[in-house]
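Hello, and welcome to this short briefing. Please take a look at the sequence and the 3D structure before reading on.

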Amino acid sequence: QVQLVESGGGLVQPGGSLRLSCAASGGDFSSAAMGWYRQAPGKQQRELVAHITMRGATWTTDSVKGRFTISRDNTKKMVYLQMNNLKPEDTAIYYCKMYSSDDSYEFWGQGTQVTVSS
């Protein structure tokens, strides 16, 4: 059974940085794509922020380009989201997702709260 545990969230001032981590257990991590999603206050849908393929190709949404970087360490079964120059609109619960390239499976973590406020 796959378990994903996020960490690294917290309260930060605008312009600050945070590094989110997602630890995976179970499953075939090195063969899976990994993504970071967020759900902002009052929003029902989760937004894909960044993802990384099993081969390490990355994508980030336009609103975070140049500020957020996704990376993975297959030996440690970890995926990271480095977030720099944080803005109040980045406030959300951030979720880690493991999924296959053909969408045959997906697993979610419980989320970690990120609050950007002065």
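The notes below cover a disulfide and a sheet in turn.

This is a predicted model. A search of the whole structure turns up 1 disulfide, and there is also an open sheet of 4 strands to look at.

**The disulfide**

- Cys22 and Cys96 are the two partners, with an S to S distance of 2.1 Å; the cut-off for calling such a pair a disulfide is 2.5 Å.
- Along the chain the two cysteines are 74 residues apart, so to speak at distant parts of it: Cys22 belongs to strand 3 (residues 18-25) and Cys96 to strand 9 (residues 92-99).
- About the S-S bond of Cys22 and Cys96 the torsion is about -80 degrees, which is why the disulfide is left-handed.
- Are these cysteines buried or exposed? Both Cys22 and Cys96 are buried.
- As general background, a disulfide is a covalent bond between the sulfur atoms of two cysteines.

**The open sheet**

- In what order do the strands of the open sheet run? The order is 1-3-8-7, and the pairing is antiparallel.
- Strand 1 (3-7) and strand 7 (68-73) form the edges, each pairing on one side only.
- From one strand to the next, the twist averages 15 degrees.
- Strand 3, which holds Cys22, is part of this sheet order too.

**Strands 7 and 8**

- Strand 7 pairs with strand 8 (residues 78-83) in the antiparallel sense, over 6 bridges.
- Asp73 has Met78 of strand 8 standing opposite.

Notes
Residues are numbered from 1 along each chain as its sequence is written. This is a predicted model: local features need pLDDT of at least 70, side-chain atom pairs count only at pLDDT 80 or more; totals for chains, interfaces and linings use all residues. Side-chain values use heavy atoms; hydrogens and water are left out. Buried means under 20% relative accessible area, exposed over 50%, partly exposed in between (1.4 Å probe, protein chains only). Two strands pair if DSSP finds at least two bridges between them. Axes are lines fitted to C-alpha atoms, for helices over the stretch in contact, and angles run from 0 to 180 degrees between N-to-C directions.
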